[in-house]
Amino acid sequence: MKTQSIYQGLVDGNEKLALVGLGYVGFPAAVEFAKYVKVIGFDISEKRINAYKNGIDITGEAKENLKDTTVEFTSDPTKLKNARFIIAAVPTPSKEDETPDLTFLENASEMIGKNLAAGSIVVFESTVYPGVTENVCVPLIEQASGLKCGMDWKIGYSPERISPGDEIHRFPSIRKIVSGMDRETAAEIQKVYNLAVKAGTHLVSDIKTAEAVKLIENSQRDINIAFMNEIAKICDKLNIDTNEVITGMNTKWNALGFKPGLVGGHCIGVDSYYLMEIAKKLGCSTPIVSGARRVNEGMGGYIADIAVREMEAIRKNIKKAAVVILGITFKENCTDIRNSKVIDLVNRLKFYHIEPVIADDRADSKDVEEMYGIKLVPFDRLPPADCIIAAVGHNEYRAISTERLLGMFKPCLQNSEKVLIDVKSIYSADELHASGIRFWRL
Ligand SMILES: NC(=O)c1ccc[n+]([C@@H]2O[C@H](COP(=O)([O-])OP(=O)(O)OC[C@H]3O[C@@H](n4cnc5c(N)ncnc54)[C@H](O)[C@@H]3O)[C@@H](O)[C@H]2O)c1
């Protein structure tokens with residue numbers, strides 16, 4: 001099978017590229033590619049497709065006016081028959097027992113297979129452990145299409161590195177790892193990605209290597225954040241400020257710059273489990289990766305325990321305390337609520353019979369209620385608090401002045417009775433200490 005013509009066909013406007021799965025990864029990629037080639041944007045969610053058709057970006061990741069994009073949005077899988085370059089970016093979450101859930105990927109592979117035109121290239125972007133693309137996706141596509149991989153169509157893998165809410169590192173400005181089943185396919189895939197990824201691409205020698213790059217770069221972050229979380233717990237016992245310790249440490253040339261925090265979301269909080277799965281299959285133990293996961297999984301509960309400790313230091317009956325939590329998305333400045341570790345914080349507070357009130361105007365309140373059974377309160381309707389936990393560092397929370405912050409507590413309280421837990425260290429410690437407030441940060 002000759003694949004060289006696909007890139008040229010795309011550039012000449014004779015061929016189409018399709019994105020399968022238009023979420024945080026697939027949607028901005030579709031919009032970006034559409035600036036250079038003809039793009040079909042397919043998703044099984046009609047709700048998402050209708051939103052995009054109406055110019056609503058539910059991911060918040062494509063900065064363009066959607067009305068101007070030429071992406072052909074569809075929930076009809078047969079439209080994929082018109083594409084010769086198919087990129088799949090469907091979810092790869094973990095199951096309740098923390099093992100990889102490949103169901104979305106398997107379903108997408110079958111669906112791509114059923115609608116695959118001979119002579120196409122299929123590239124997976126979903127995060128998986130090494131071997132999944134070739135051993136799970138390829139057989140399913142072959143079976144559904146009746147077409148042989150390597151003969152009738154080709155396969156590649158290119159992991160995505162975007163981080164929702166990051167204004168600087170975006171699809172076109174992040175160097176992309178690319179790989180293909182053979183040199184010719186890899187070169188073709190690289191040329192196609194180079195059209196839209198202005199930061200360029202980094203070709204690795206095979207698909208398994210590309211799959212490993214993604215898992216390991218994220219596990220590396222998981223491990224380092226876990227280390228900082230462990231340090232934060234020690235600093236708390238020493239009664240010293242973790243932030244000041246880390247700032248001091250970071251003046252050394254070889255410091256890594258990690259900070260403590262809640263590790264949730266669809267990537268870092270999940271990918272280590274994928275790495276642990278392949279290691280287990282290979283008979284390798286992963287004490288560092290699994291230890292880091294345990295530390296990070298415990299941080300929501302730890303922060304709740306600290307909030308309770310701080311409240312108990314000034315009042316007896318904490319059950320009646322009005323606890324306000326700022327933020328529920330898994331990280332700052334994004335809308336994504338999946339695998340948010342704020343939920344662990346909420347659940348541990350409930351264990352103490354505290355019903356916190358949570359605000360996050362960035363999150364879709366219906367989705368939050370559906371996913372977690374939590375009714376969000378708009379920020380401007382938050383009740384006066386005994387304790388505020390600033391859990392997520394959204395820009396709008398960072399912008400709250402010390403004076404305004406102090407005004408968010410119950411008016412009857414002395415400053416010394418107001419408890420502020422600043423999980424992401426977004427407020428001025430000097431100003432807050434000077435105010436006399438009871439202030440703790442991770
Ligand atoms: N979100 C991130 O920051 C990020 C970053 C890098 C990599 N990744 C990886 O990229 C992949 C996609 O993640 P995401 O955050 O974009 O997920 P997402 O849930 O935001 O989007 C996935 C989309 O795929 C659709 N979908 C599911 N099954 C489908 C099918 N069979 N056919 C077509 N569409 C289907 C869903 O309706 C959804 O719109 C995952 O493997 C994830 O680990 C995510």
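**Figure 1. Domain 1 and domain 3 in this predicted model.** The C-alpha centres of domain 1 and domain 3 are 38 Å apart. Where the two touch, domain 1 supplies five residues and domain 3 supplies six residues. On the domain 1 side of this contact you will find two nonpolar and three polar residues, with no charged ones. To get your bearings along the chain, domain 1 covers 4-205, domain 2 covers 212-297 and domain 3 covers 298-442.

**Figure 2. The shell around the ligand.** Here we move to the ligand, which has 29 residues around it. Gly-21, Gly-23, Val-25, Ala-108 and Ser-126 are the closest of them. Which helix gives the most to this shell? That is helix α4, spanning residues 103-114, with four residues. Sorted by class, the shell holds 15 nonpolar residues, 10 polar residues and four charged residues.

**Figure 3. An open sheet of five strands.** Reading across the sheet, the strand order is β10-β9-β11-β12-β13, and the pairing is parallel. Strands β10 (357-359) and β13 (438-441) form the edges, each pairing on one side only. From one strand to the next, the twist averages 15 degrees. Helix α12 (residues 342-351) packs on this sheet and touches β9 (323-326), β10 and β11. The direction of helix α12 makes about 175 degrees with that of β9.

**Figure 4. Strands β11 and β12 side by side.** This view picks out one pair from the sheet, with β11 at residues 387-390 and β12 at residues 419-422. How many bridges join β11 and β12? There are four, and the two strands run in the parallel sense. If you would like one bridge to look for, take Ala-390, whose partner in β12 is Asp-422.

**Figure 5. Ile-86 and its surroundings.** Our last stop is Ile-86, a residue of strand β4 (residues 83-88). Is Ile-86 buried or exposed? Ile-86 counts as buried because it has 25 C-beta neighbours inside 10 Å, and the cut-off for a buried residue is 20 or more. Setting aside neighbours within four places in sequence, the contacts of Ile-86 are Ala-18, Val-20, Leu-80, Ile-112, Ser-120 and Val-122. Lys-16 is worth finding too: Lys-16 and Ile-86 are separated by 70 residues in sequence, while their C-alpha atoms are 8.7 Å apart in space.

Note on methods:
Residues are numbered from 1 along each chain as its sequence is written. This is a predicted model: local features need pLDDT of at least 70, side-chain atom pairs count only at pLDDT 80 or more; totals for chains, interfaces and linings use all residues. A residue is near a molecule or strand if its C-beta atom, placed from the backbone, lies within 6 Å of it. Ala, Val, Leu, Ile, Met, Phe, Trp, Tyr, Cys and Pro count as nonpolar, Asp, Glu, Lys and Arg as charged, and the others, Gly among them, as polar. Two strands pair if DSSP finds at least two bridges between them. Axes are lines fitted to C-alpha atoms, for helices over the stretch in contact, and angles run from 0 to 180 degrees between N-to-C directions. Two residues are in contact if their C-beta atoms, placed from the backbone, lie within 7 Å. Domain bounds come from an automatic or database domain assignment. A residue is buried if 20 or more other C-beta atoms lie within 10 Å of its own, exposed if 12 or fewer, and partly exposed in between; C-beta atoms are placed from the backbone.
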